[in-house]
Amino acid sequence: MTDVIDQACEQAEFFLASALSEQAKKPSLRATGQCLNCDEVVAVGLFCDADCRDDFERIAKSAALNKG
């Protein structure tokens with residue numbers, strides 16, 4: 001017989017496995033030397049600043065909602 005703590009641990013493991021599985025399905029972005037939003041040259045990272053990152057994520061989320 002399982003107690004409440006065992007049940008909670010099982011649920012936590014299930015949710016963690018689900019989240020990791022969903023994350024693995026997402027395509028990963030690769031650094032190209034240019035901002036993925038505005039094409040400005042960047043030395044490190046994917047975006048030139050937080051605004052471009054936020055714009056990129058907003059556009060990607062909108063496209064995903066319109067797709068499905």
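Is Phe56 buried, partly exposed or exposed? With a relative accessibility of 23%, Phe56 counts as partly exposed. Please keep in mind, as you look through these close-ups, that the model is predicted.

**View 1. Phe47 and Phe56 make a tilted aromatic pair.**
Welcome to one of the two aromatic pairs in this structure. The other pair is taken up here too, beginning with its rings: Phe14 and Phe15 have ring centres 5.6 Å apart and planes at 65°, so they meet edge-to-face. In the pair of Phe47 and Phe56, the distance from centre to centre is 5.1 Å and the planes are at 55°, an arrangement described as tilted. Phe47 counts as buried, at 17% relative accessibility, while its partner Phe56 is partly exposed.

**View 2. Phe14 and Phe15 both count as exposed.**
Look next at the surroundings of the edge-to-face pair. Phe14 has a relative accessible area of 54%, which makes this residue exposed. Phe15 is exposed as well, at 51% relative accessibility.

**View 3. Ten residues are listed around the largest pocket: Lys26, Pro27, Leu29, Phe47, Arg53, Phe56, Glu57, Ala60, Lys61 and Ala64.**
The space in this pocket comes to about 410 Å³. You will meet some familiar names in the lining, including Phe47 and Phe56, the two rings of the tilted pair. What classes of residue make up the lining of the largest pocket? Six of the residues are nonpolar and four are charged, with no polar residue among them. Arg53 is another part of the lining, and its side chain returns in the view of Asp54 below.

**View 4. Lys25 and Glu22 join in a salt bridge within helix 1.**
This is one of three salt bridges in the structure. The N to O distance between the two side chains is 3.2 Å. Both residues belong to helix 1, which covers residues 4-25, and they sit three residues apart, about one turn of the helix. Lys25 is exposed, with 60% relative accessible area, and Glu22 is partly exposed, with 45%.

**View 5. Asp54 forms a salt bridge with Arg53.**
Here the closest N and O atoms are 3.1 Å apart. Both ends of this bridge can be described in turn: Asp54 is partly exposed at 37% relative accessible area, and Arg53 is partly exposed at 35%.

**View 6. Asp55 forms a salt bridge with Arg58.**
How far apart are the closest N and O atoms of Asp55 and Arg58? They are 3.7 Å apart. The two residues are in helix 2, which runs over residues 50-67, and because they are three residues apart there, about one helical turn separates them. Asp55 has a relative accessible area of 31% and is partly exposed.

**View 7. Cysteine sulfurs come close to one another without a disulfide.**
How many disulfides does the structure hold? The count is zero. Why does Cys35 make no such bond? Its closest cysteine sulfur, in Cys38, is 3.8 Å from its own, too far for a bond, since a disulfide needs sulfur atoms within 2.5 Å. Cys35 is buried, with just 1% relative accessible area. For Cys48, the closest cysteine sulfur belongs to Cys52, at 3.5 Å, and this is again too far for a bond. Cys48 counts as partly exposed, at 27% relative accessibility.

Terms used:
Residues are numbered from 1 along each chain as its sequence is written. This is a predicted model: local features need pLDDT of at least 70, side-chain atom pairs count only at pLDDT 80 or more; totals for chains, interfaces and linings use all residues. Side-chain values use heavy atoms; hydrogens and water are left out. Buried means under 20% relative accessible area, exposed over 50%, partly exposed in between (1.4 Å probe, protein chains only). On a 1 Å grid over the protein atoms alone, a cavity is a set of points where a 1.4 Å probe fits but cannot get out, and a pocket is an open set with protein on both sides within 12 Å along at least five of seven lines; lining residues have an atom within 4 Å of a point. Grid points are joined across faces, edges and corners, and a volume is the space filled by probe spheres set on the points. Ala, Val, Leu, Ile, Met, Phe, Trp, Tyr, Cys and Pro count as nonpolar, Asp, Glu, Lys and Arg as charged, and the others, Gly among them, as polar. A salt bridge is a side-chain nitrogen of Lys or Arg within 4 Å of a carboxyl oxygen of Asp or Glu. Helices (H or I, at least four residues) and strands (E, at least two) are DSSP runs, numbered from the N terminus. Rings of Phe, Tyr and Trp (its six-membered ring) pair if their centres lie within 6.5 Å; planes under 30 degrees apart count as stacked, over 60 as edge-to-face and the rest as tilted.
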